[in-house]
Amino acid sequence: MLAALPFVLVLGLYLAASDARHRENPSDKILPSFSQMGKAVQRMAFTPDKRSGKYLMVNDTAVSLKRLLTGIVLAAAVGLLLGLNMGLFPGMSGTFNPFITTIAMVPPLSILPILFIALGVDELAKVSLIFLGTFPVVTRDVYLATRKIPREQITKALTLGASQLDIAYRILLPQILPRLIDTVRLTLGAAWLFLIAAEAIASTDGLGYRIFLVRRYLAMDVILPYVVWITLLGFTMDWLLRALLRRRFSWYLVEKD
Amino acid sequence: MSSETLLHILDVYKSYGEKLILDNIDLTVRSGELCTLVGPSGAGKSTLLRLILGQEPPSSGELQLDGRPIGFPDPSRGIVFQRYSLFPHLTVLENVALGANLAAGMLERWRRRKEIQDHAMTYLERVRLGAHADKYPHELSGGMQQRVAIAQSLIKRPRILLMDEPFGALDPDTREQMQVFLLELWDETRMTVFFVTHDLEEAAYLGTRILVLSQYYTDDRGDGARRGAKVVADYQLPRAVASTATKHSAGFLELIETIRLEGFSPAHLQDVGEFNLRHPDSFQTLTEAERHSNPG
């Protein structure tokens, strides 16, 4: 109950400020009223665009989610395989660890121009940015988690007749999976950042593109609902991943406590 | 009790850098024996166990199981650690079934899943945990977890079951229950067990044979020589599954006092020639340097 207090407070402040501005200037655009925002959402999400015939907000959401999920799923898959093998085989960690550590130090946004030049301004560059920005973190995290699994487990598995592959993919991998889900939850924030940055700079659709497009017309009535919508999407993804952990990996949550 | 030699260890040394841990270990163990290894901390009990397990190679010397040299860990030697023997992401039944599942191909595993499950269940029932099959390891008490770990190892029918301080993390009551449990299980199966513990009472209570590994001894190598631990005493014990009351009998207490003196007392140094190696399987190969002036 107490948790709702700050939300209510901010909302109240906004409404008061918006109301004050509208009393001075009924066509104020900077702090739109709820009804103005409602109209904007009606226009963006539930009315087909005059030019393209698409429902813009729906379309923006679909393309953005596709970019985001492609990037993060690729990063998770590569990070999982690489990190697991690095954690298991000293030769692998010797080869890749310095490289991954270096890559992780490069600020991803600084290589965005390179990506646009090298890969064009289409989907590939945007997905690549999300991938490059998140996979080093995932790899390192999986690597450390693999290393933390007690050596005894590997010995024990060998005495039960496990092969090297069995150990990697039937003993260690299932134990790393929930940790991977946790890591993805944490990197989702960064992934959104890279997505919106890439869309803001070179795109023709997407949630980030739209916000930066309508900024030119000071269309706060569109921007604010979009921001709330993006937050809601992020929250939902996090919630879904947490639900997955609870349902399928109850043992992991207990261990973590 | 069958009398074949199962485990054969000859002239085994193990050192880490400059530090010599195991110093010319000689040992044979017959199948069916419940062999306990006891000694002061730092004597290298767990090191010897790791060598038998194959987790580490000896610096020199040979270890054989059934006449074949010991290599990397494999299903011929089962292991129960003090902790981490169970896989946290598998249910109790899945943990026990793992050995059978790993041996089967993917298709076979699917086709025989019911059979494998029933098979694992019989082992789980043998350690009296049938009712907990669907729980995860973290939902069990420490003693139950160790019982699952034993069942998990037994399903592979290892030639020898190695146990490294398996009850060391348990509270005294549970620990005693587990000792009785292990003796009953051993009585049923007559499996060969190699049991490492630092608890002298536990070693004497459980074993049909008790080996004492200790760095407190003397020989003719001179004062400055690098010495590691040796088997300084080796007793055959009568084995009838005994109630825990045995632990208070006069004979039992006397044995413990003797072993404490022989193995655990830095002030009491026996010469290598005078070790109490009374067990019929016991033998000792001393080097020239060790018994220079000691023809015996």
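What follows is an exchange about how terms are applied to the two chains of a predicted model.

Author: Residues are numbered from 1 along each chain as its sequence is written, while chains are lettered from A and ligands numbered from 1 in the order in which they are written. Because this is a predicted model, local features need pLDDT of at least 70 and side-chain atom pairs count only at pLDDT 80 or more, whereas totals for chains, interfaces and linings use all residues.

Reader: What makes the crossing of α3(A) and α8(A) oblique?

Author: Helices are DSSP runs of H or I with at least four residues, strands are runs of E with at least two, and both are numbered from the N terminus. The axes of α3 (residues 56–88) and α8 of chain A come within 7 Å and cross at roughly 140 degrees, where an axis is a line fitted to C-alpha atoms, for helices over the stretch in contact, and the angle runs from 0 to 180 degrees between N-to-C directions. Under 35 degrees counts as roughly parallel, over 145 as roughly antiparallel, 65 to 115 as roughly perpendicular and the rest as oblique; α3(A) and α8(A) are therefore oblique to each other.

Reader: Which residues make the contact between these two helices, and how do they divide by class?

Author: Two residues are in contact if their C-beta atoms, placed from the backbone, lie within 7 Å. Among those involved are A:Leu68, A:Ile72 and A:Leu80 of α3(A), together with A:Leu172, A:Ile176 and A:Trp192 of α8(A). Ala, Val, Leu, Ile, Met, Phe, Trp, Tyr, Cys and Pro count as nonpolar, Asp, Glu, Lys and Arg as charged, and the others, Gly among them, as polar, and on that scheme the contact of α3(A) with α8(A) has 16 nonpolar, two polar and two charged residues.

Reader: Which part of chain A gives the most to the side that touches chain B?

Author: In this interface 17 residues of chain A are in contact with 23 residues of chain B. On the chain A side, α7 (151–159), α8 (164–201) and α11 (250–256) each supply at least two residues, and α7(A) gives the most, with six. That side divides into eight nonpolar, five polar and four charged residues.

Reader: Why are β6 and β13 of chain B called edge strands?

Author: Two strands pair if DSSP finds at least two bridges between them. The open sheet of seven strands in chain B has the order β6-β7-β8-β3-β9-β11-β13, with mixed pairing, and β6 (77–80) and β13 (276–277) each pair on one side only.

Reader: How do you know that β4(B) and β5(B) pair?

Author: Two bridges join β4(B) to β5 (residues 68–69) of chain B, which run antiparallel, and the criterion asks for at least two. The bridge partner of B:Gln64 in β5(B) is B:Pro69, while B:His8 stands opposite B:Gln64 in β4(B). The hairpin of β4(B) and β5(B) has two residues between the strands, and B:Asp66 takes a positive phi near 55 degrees there.

Reader: Where do the domains of chain B meet?

Author: The bounds come from an automatic or database domain assignment, which gives domain 1 (1–71 + 160–166 + 184–296) and domain 2 (77–157) of chain B. Their C-alpha centres lie 30 Å apart, and ten residues of domain 1 are in contact with eight residues of domain 2. On the domain 1 side, α1 (45–53) and β7 (160–164) of chain B each supply at least two residues, and β7(B) gives the most, with five.
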